[in-house]
Amino acid sequence: MSNDPTLGRRRFLTRAAAALGTAALAGCDQLSQESWFTQLLASAEGVTRAVQRAVIGQALAREYAEADITRNFRANGTTEPQSDEYQALADKDFADWLLEIGGLVERPAKLSLTELRALPARTQITRHDCVEGWSCIGKWAGARLGPILDKVGVKSNARYVVFFCADALDLSGDKYYESIDLAGAYHPQTILAYDMNNAPLTVPHGAPLRLRFERQLGYKMAKYVMRIELVESFAQLGRGKGGYWEDRGYEWYAGI
Ligand SMILES: Nc1nc2c(c(=O)[nH]1)N[C@H]1C(S)=C(S)[C@@H](COP(=O)(O)O)O[C@H]1N2
Ligand SMILES: [Mo]
């Protein structure tokens, strides 16, 4: 059941329909009372549009066979965060690590690895494409982000999910961060991965938790995730472009 994509799709459709309704109704309380408007929202046309948008947005990234897995998956960017806080957590094998989830949510949460491992999960063998021009195929297992968001309750004004990481890549001291939209967050292959190739994530690959966001380039897949925040806008974060590399000129939408 945990690998059933229709489950996620159904939830996504509900959410997409709700989002469409909310957008259409914002500031239009009067209109919503009128029967033609109610009929439009309930009409087959309205539903078809929602379904199309959801289906196009939810196409799966290609998945591979065990035999395709790259023997030495390259590690890139930070391969060991230098902060004392991270080192202390790593020394205890992340037993004290907690993923914080906050921002525009109804029920902020702190989840241990044990708790994350008990949540609806997905395993996938996918190809990781780095913008620098190399690719590796790996097997990832993790908690699906969609059900986690349902658990904490996304507030209606939330639009993006931001991932805050433990590492600073350069002397500026700016920590790595990334952001994706809610449609991306509910994609069935969007997972918070704790395993790679059947073993707990190693430090070079982002221990204890990293994002897998399979239809976009490698830099979107934040490693060393410490905190997740739901936000309406990322303009106030970092240099305002939605991610560490985005702040340095890369595209926010890195679709492949
Ligand atoms: N926290 C953090 N996440 C990160 C990076 C990083 O430097 N720090 N590098 C990104 C880039 S450019 C790539 S290609 C992948 C590399 O993941 P890997 O080390 O597992 O190959 O992680 C991405 N996520
Ligand atoms: Mo990359």
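Two residues are in contact when heavy atoms of theirs lie within 4.5 Å. With that in hand, welcome to a short tour of the structure above. This is a predicted model, in which local features need pLDDT of at least 70, side-chain atom pairs count only at pLDDT 80 or more, and totals for chains, interfaces and linings use all residues. Residues are numbered from 1 along each chain as its sequence is written, chains are lettered from A and ligands numbered from 1 in the order in which they are written, and side-chain values use heavy atoms, with hydrogens and water left out.

**View 1. The whole chain holds 8 helices and 10 strands.** Helices (H or I, at least four residues) and strands (E, at least two) are DSSP runs, numbered from the N terminus. Of the 256 residues in the chain, 46% are buried. Here, buried means under 20% relative accessible area, exposed means over 50%, and partly exposed is in between (1.4 Å probe, protein chains only). Among contacts in the chain with a separation of 6 or more, 68% link residues 24 or more positions apart.

**View 2. Five strands make an open sheet, in the order 2-1-10-5-6.** The pairing in this sheet is mixed; two strands pair if DSSP finds at least two bridges between them. At the edges sit strand 2 (109-111) and strand 6 (175-181), each pairing on one side only. Neighbouring strands are turned by 20° against each other on average, direction ignored. Such angles run from 0 to 180 degrees between N-to-C directions, with axes as lines fitted to C-alpha atoms, for helices over the stretch in contact. Helix 7 (residues 145-152) lies across strands 1, 2, 5, 6 and 10, at about 105° to strand 5.

**View 3. Strand 1 meets strand 2 at one end of the sheet order.** Strand 1 (residues 99-103) and strand 2 run antiparallel, joined by 3 bridges. Look for L99, which stands opposite L111 in strand 2.

**View 4. Strand 5 and strand 6 form a hairpin.** These two strands pair in the antiparallel sense over 6 bridges, and A168 has K175 in strand 6 as its bridge partner. Between the strands are 6 residues, and G173 in the turn has a positive phi of about 85°. Strand 6 is mostly covered, with 5 of its 7 residues buried.

**View 5. L116 is one of the residues with the most contacts inside the largest nonpolar core.** A nonpolar core is a set of buried Ala, Val, Leu, Ile, Met, Phe, Trp, Tyr and Cys residues joined through side-chain atoms within 4.5 Å. This one has 53 residues, and V161 and F163 share that distinction with L116. Its largest share, 5 residues, comes from strand 7 (residues 191-196). Not counting residues up to four places away in sequence, L116 touches W97, L99, L111, A143, I148, Y194 and L209.

**View 6. Ligand 1 has 22 residues around it.** Each has a heavy atom within 4 Å of the ligand, and R74, N76, D167, H205 and K223 come nearest. An N or O atom in the side chain of K223 is 2.6 Å from an oxygen atom of the ligand. A polar backbone atom of T78 is 2.9 Å from an oxygen atom of ligand 1, while a backbone N or O atom of M221 lies 3.0 Å from a nitrogen atom of ligand 1.

**View 7. H187 sits in the loop between helix 8 (182-185) and strand 7.** H187 counts as buried because its relative accessibility is 6%. A polar atom of its side chain lies 2.8 Å from the backbone oxygen of A59.

Definitions and conventions:
A polar contact is a pair of N or O atoms within 3.5 Å; within protein, one must be able to donate a hydrogen and the other to accept it, and residues adjacent in sequence count only if both atoms are side-chain atoms.
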